[in-house]
Amino acid sequence: MENVIFLAIGLLLLFYAYQLIIKHNIKIMHDYHYQKVNDSQKKAYPQVVGLGLFVMGVDYFLVVLLHILSGKFSAILILLGTVLGIGILIYGQYRYNGSIM
């Protein structure tokens, strides 16, 4: 059952990453996340946020693949991918919006 949950979360994260990186659809984010972003940076900001979501989405797929192939569930891999993805999100938020909040 956890495989289905992680696949669903991974797909959702990859969908949002696609919308941000490829489609440049900044409107799927809350407006308070990008209200202080300069117009010249409104293309770069969603790409960085999308990268963070992409890292987490791929990580969740790797966890499911590892679980299917070896029967082991790797909490360490989930933790590393999630921390890395959130770190990228925080970096993008701070760099382009001026603050984390």
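**Close-ups of a predicted helical model**

**Figure 1. How confident is the predictor across the chain?** Averaged over the protein chain, pLDDT comes to 88, and 99% of the residues reach 70 or more. Keep in mind that this is a predicted model. Helix α2, residues 31–34, has the lowest confidence in the chain, with a mean of 72. At the other end of the scale sits α1, where confidence is highest, at 93.

**Figure 2. The largest nonpolar core, centred on the members with the most partners.** This core has 14 residues, and the ones touching the most other members are Met29, Tyr34, Tyr45 and Leu53. Three elements each give two or more residues to the core: α1 (2–21), α3 (44–70) and α4 (75–97). Helix α3 puts in the largest share, with 5 residues.

**Figure 3. Tyr34 and its neighbours, with a second core elsewhere.** Which residues does Tyr34 touch, once those up to four places away in sequence are set aside? The list runs to Ile26, Lys27, Met29, Lys42, Tyr45 and Asn97. Two of these names, Met29 and Tyr45, are also among the residues with the most contacts to other members of the largest core. Apart from that core lies another one, made of 5 residues, including Phe6, Val63, Val64 and Ile78.

**Figure 4. A look into the largest pocket.** The volume here is about 330 Å³. The lining takes in 13 residues, and those closest to the pocket's centre are Met29, His33, Val49, Leu89 and Gln93. Helices α1, α3 and α4 are the elements that give two or more residues to this lining. What does the lining look like by class? Sorted that way, there are 10 nonpolar residues, 3 polar ones and no charged ones. Met29 turns up again in this view, having already featured in the largest nonpolar core.

**Figure 5. Asp59 and Thr82, in contact between two helices.** Asp59 belongs to helix α3, while Thr82 sits in helix α4. Is Asp59 buried or exposed? Its relative accessible area is just 5%, so Asp59 is buried. Thr82, at 18% relative accessibility, also counts as buried, because the cut-off is under 20%. Leaving out residues up to four places away in sequence, Asp59 touches Leu77, Ile78, Gly81 and Thr82. On the same terms, Thr82 touches Met56, Asp59 and Tyr60. One of the contacts of Asp59, Ile78, is a residue that also belongs to the 5-residue core.

Conventions. Residues are numbered from 1 along each chain as its sequence is written. This is a predicted model: local features need pLDDT of at least 70, side-chain atom pairs count only at pLDDT 80 or more; totals for chains, interfaces and linings use all residues. Side-chain values use heavy atoms; hydrogens and water are left out. A nonpolar core is a set of buried Ala, Val, Leu, Ile, Met, Phe, Trp, Tyr and Cys residues joined through side-chain atoms within 4.5 Å. Buried means under 20% relative accessible area, exposed over 50%, partly exposed in between (1.4 Å probe, protein chains only). Helices (H or I, at least four residues) and strands (E, at least two) are DSSP runs, numbered from the N terminus. Contact means heavy atoms within 4.5 Å. On a 1 Å grid over the protein atoms alone, a cavity is a set of points where a 1.4 Å probe fits but cannot get out, and a pocket is an open set with protein on both sides within 12 Å along at least five of seven lines; lining residues have an atom within 4 Å of a point. Grid points are joined across faces, edges and corners, and a volume is the space filled by probe spheres set on the points. Ala, Val, Leu, Ile, Met, Phe, Trp, Tyr, Cys and Pro count as nonpolar, Asp, Glu, Lys and Arg as charged, and the others, Gly among them, as polar. pLDDT is the predictor's confidence in each residue, from 0 to 100.
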